Amino acid sequence: MCDQTFLVNVFGSCDKCFKQRALRPVFKKSQQLSYCSTCAEIMATEGLRENETLASLKSEAESLKGKLEEERAKLHDVELHQVAERVEALGQFVMKTRRTLKGHGNKVLCMDWCKDKRRIVSSSQEHAVTMPCTWVMACAYAPSGCAIACGGLDNKCSVYPLTFDKNENMAAKKKSVAMHTNYLSACSFTNSDMQILTASGDGTCALWDVESGQLLQSFHGHGADVLCLDLAPSETGNTFVSGGCDKKAMVWDMRSGQCVQAFETHESDINSVRYYPSGDAFASGSDDATCRLYDLRADREVAIYSKESIIFGASSVDFSLSGRLLFAGYNDYTINVWDVLKGSRVSILFGHENRVSTLRVSPDGTAFCSGSWDHTLRVRDGGRWAF
Amino acid sequence: MAAGPARPPGRPRAQMPHLRKMERVVVSMQDPDQGVKMRSQRLLVTVIPHAVTGRDVVQWLAQKFCVSEEEALHLGAVLVLHGYIYPLRDPRSLVLRPDDTPYRFQTPYFWTSTLWPAAELDYAIYLAKKNIQKQGALVDYEKECYDQLHKKISHAWDLVLMQAREQLRAAKQRRKGDRLVIACQEQTYWLVNRPPPGAPSVLEQGPERGSRTASHVHMTKSADFYKREIEYCRRALGRTRVKSSVCLEAYLSFCGQRGPHDPLVSGCLPSNPWISDDDAYWVMNAPMVAAPTKLRVERWGFSFRELLEDPMGRAQFMDFLGKEFSGENLSFWEACEELRYGAQAQVPTLVDAVYQQFLAPGAARWINIDSRTMERTLEGLRQPHHYVLDDAQLHIYTLMKKDSYPRFLKSDMYRGLLAEAGVLLDTKRRVFPFTRRPRRSSPSPALLPTPVEPTAASGPAGGNGVA
């Protein structure tokens, strides 16, 4: 007696080729079918090919990534702090709060300067311009100073023309421009009042025409929520950088929608990205408590700004006018000022009573403003000597 | 503490890296050799072991991280706020005092990363215990919470009271010292997880990220994802890279050149308006002034982009080009910018206007570009879009940058401006620093009528925003 006698063969019409054959049961997507042995074998090998393809693609991607890292490393002949050794140290900085703006009834989430260097727009959990949602996480001033854009948990970016006529209801004049499928995390006008770039929790960025609300270009590539973006100050004005929860910072070509460069060295969500004033590099602030500088021509990370005593994530970063100083607001209520070239911390600023959520240097570089969950905004400056 | 019900999904612990880091600090603080000096603390008649003083905590942090006492105090205060260190004497307020005030390290059982989010049932039991133990022990907001919970979980209230009584009974069997410590630990845990109204909640993380997978563009590791990665890597491998030394040197020269122009690094003359309340600096550097400052004229020499971004600089350059009969180049460039950033609806009109003025054979301001670019551009005009003039614009931009711009910088016109530009003398420090000018808010750009632009072609919100 052998075991093979227990194999029962059903004879009938194959579910695939319909020929009269000896059939055996097969399961395709949890549905039971009866295939003849030829069709069953074909199915088995197909499945094998599919898995092979996926596995081989994955290994090809990994090996290419490895090669890319090698290429990047080949040209890395010196560290920034080594080159910066011959630069004069900045010395002691004294920064003082010059204005404390109290007017928000709740957490300040975002702010932007007007090009006139003196006005600020800020958004919070409750908003002065009546909004349907509670968290307004993004806001931006139009270059002309005549409008603002904001959005948040309503998944939209709306543009409000600014009016000082008390009788006008600002909410009535609002125009919904962008529509995402998840929250809006950041927005910025391009060089004019007529185009807006947005970043969203749905993992995409998008460029919109303000007047018609038309989507001009969308940018796909992030594997998770996109949290921040910044437009490049380059001559050709064609690129922007975005950072997201997938720990990646990606540089995009606005015209083609393609990702031009990507950097993945952070260990946690990237909360903020900002270009270095020359446009050749950008800084990022992340929940891993570090800020990093990435050079676009060298195509790599060139500096890390971190300290053992800094434990909380950096929520917002910005450069001073010359790019020598990097201001970063953190979730432990402090602001750290870094010497970009030497990599050392120049100053730590206290004063806020809750996390610093947003930080921007004024357009003419005379001061910087920080907004916090403690409901206030502080405008600060100072220098290497006390005034 | 009752074993609470299954935790509702909050922000995953992996997304709160700061908690892990704080825990590492606190663990090293408790190291028997290298940690903070422990002592026994006397509280009334009880002696509590393993206590530390606020002062010792601050000094240890200052030494370990090589930071100032102010920063060490802040870091310690943050540890207390998150409940990793609690005060023994005044457990109501999570504040770090840099003196002899005694503190203790929270037991890992109550760490936020082990026991979060806090369960309602547990809070009810805790409040019930306090209420039973000593009438009137509950503070106002606690009483409110207690009543609310009573309404909400009235069906399980017997369980709550039973658990509370049981825990109190078990506690009585402990030594007084242990009882005190456990009470402090528990109180701290609840102060962190259910802060009193007005106190900031340190556990609040803001809007949830990456949680709504339903409406999410989910990048599953499919074949497409890898194909995209491979494509990106191939493109990236073909890119030319620059040596780090070259790139980094560029930063040095950029920062060095711009340093004197950076108010936060070098100050600004006559004074920083935010500090002195004197608008003079802003008035002198307004977009269009009769006499630009020397620093500003210097900046026009830093890069072509810098020159174009300044409305005055651009106007001067336009004048210069006019003298060389090549003003149409700059006008063309401005028109291209207008097309790039303008409204979608305007595209056909703008493209047509540009063609008529600059590109058509025999056009009034015909621009001189090479035949291949011209051909390609004219071809592209059939289907106008924002970027249809990019090639031509780049050609003209490069022409101006490499040819006209260097000549401008060497010209008498520019040199003259540089010489004329007022060099500000250091204003003597005000004798009476307390006299302040009354602060007037500046008029909003939204109210001002659009200023009439001088010779430079008017770009509506194109280029730089003029206040």
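Modeller: A salt bridge is a side-chain nitrogen of Lys or Arg within 4 Å of a carboxyl oxygen of Asp or Glu, and that cut-off will serve us in this predicted model.

Colleague: What makes the meeting of B:Glu229 and A:Lys65 a salt bridge?

Modeller: The side chains of B:Glu229 and A:Lys65 come to 3.5 Å, N to O, and because the limit is 4 Å between a nitrogen of Lys or Arg and a carboxyl oxygen of Asp or Glu, the pair B:Glu229 and A:Lys65 counts as a salt bridge.

Colleague: Why are B:Arg234 and A:Glu60 also called a salt bridge, and where does each residue lie?

Modeller: The distance between the side chains of B:Arg234 and A:Glu60 is 2.5 Å, N to O, which is within 4 Å, so the rule is met. The pair crosses between chains, since B:Arg234 sits in helix 8 (residues 223-237) of chain B, while A:Glu60 sits in helix 1 (residues 37-74) of chain A.

Colleague: How many salt bridges does the rule find across the interface of chain B and chain A, and how many over all chains?

Modeller: Across the interface of chain B and chain A there are 12 salt bridges, and a search of the whole structure gives 44 over all chains.

Colleague: How do you know that chain B and chain A are in contact?

Modeller: Contact asks for heavy atoms within 4.5 Å, and 110 residues of chain B satisfy this with 136 residues of chain A. The two chains bury about 10,400 Å² between them, with 58% of that area on carbon and sulfur atoms, and the interface also holds 40 residue pairs in polar contact, both residues being at pLDDT 80 or more. On the side of chain B that touches chain A, the residues divide into 53 nonpolar, 28 polar and 29 charged.

Colleague: What makes an empty space in this model a cavity, and how many of 30 Å³ or more are there?

Modeller: A cavity is a place where a 1.4 Å probe fits but cannot get out, and five cavities of 30 Å³ or more are found. The largest has a volume of about 110 Å³; 13 residues line this cavity, and the closest to its centre are A:Asn331, A:Tyr333, A:Arg355, B:Val202 and B:Glu204.

Colleague: Which residues line the second largest cavity?

Modeller: Its lining includes A:Ser309, A:Asp332, B:Glu71 and B:His74, and the largest share, three residues, comes from helix 3 (residues 69-81) of chain B. The volume of this second largest cavity is about 60 Å³, and its lining divides into four nonpolar, three polar and two charged residues.

Note on methods. Residues numbered from 1 in each chain as written. Chains lettered and ligands numbered in written order. Predicted model: local features only at pLDDT ≥ 70, side-chain atom pairs only at ≥ 80, totals over all residues. Heavy atoms only, no water. 1 Å grid on protein atoms, 1.4 Å probe; cavity = no way out; pocket = protein on both sides within 12 Å on 5 of 7 lines; lining within 4 Å. Points joined across faces, edges and corners; volume = space filled by probe spheres on them. Helix = DSSP H or I, 4+ residues; strand = E, 2+ residues; numbered from the N terminus. Nonpolar A, V, L, I, M, F, W, Y, C, P; charged D, E, K, R; others polar. Buried area = accessible area lost by both parts, 1.4 Å probe. Polar contact = N/O pair within 3.5 Å; in protein donor to acceptor, adjacent residues only side chain to side chain.
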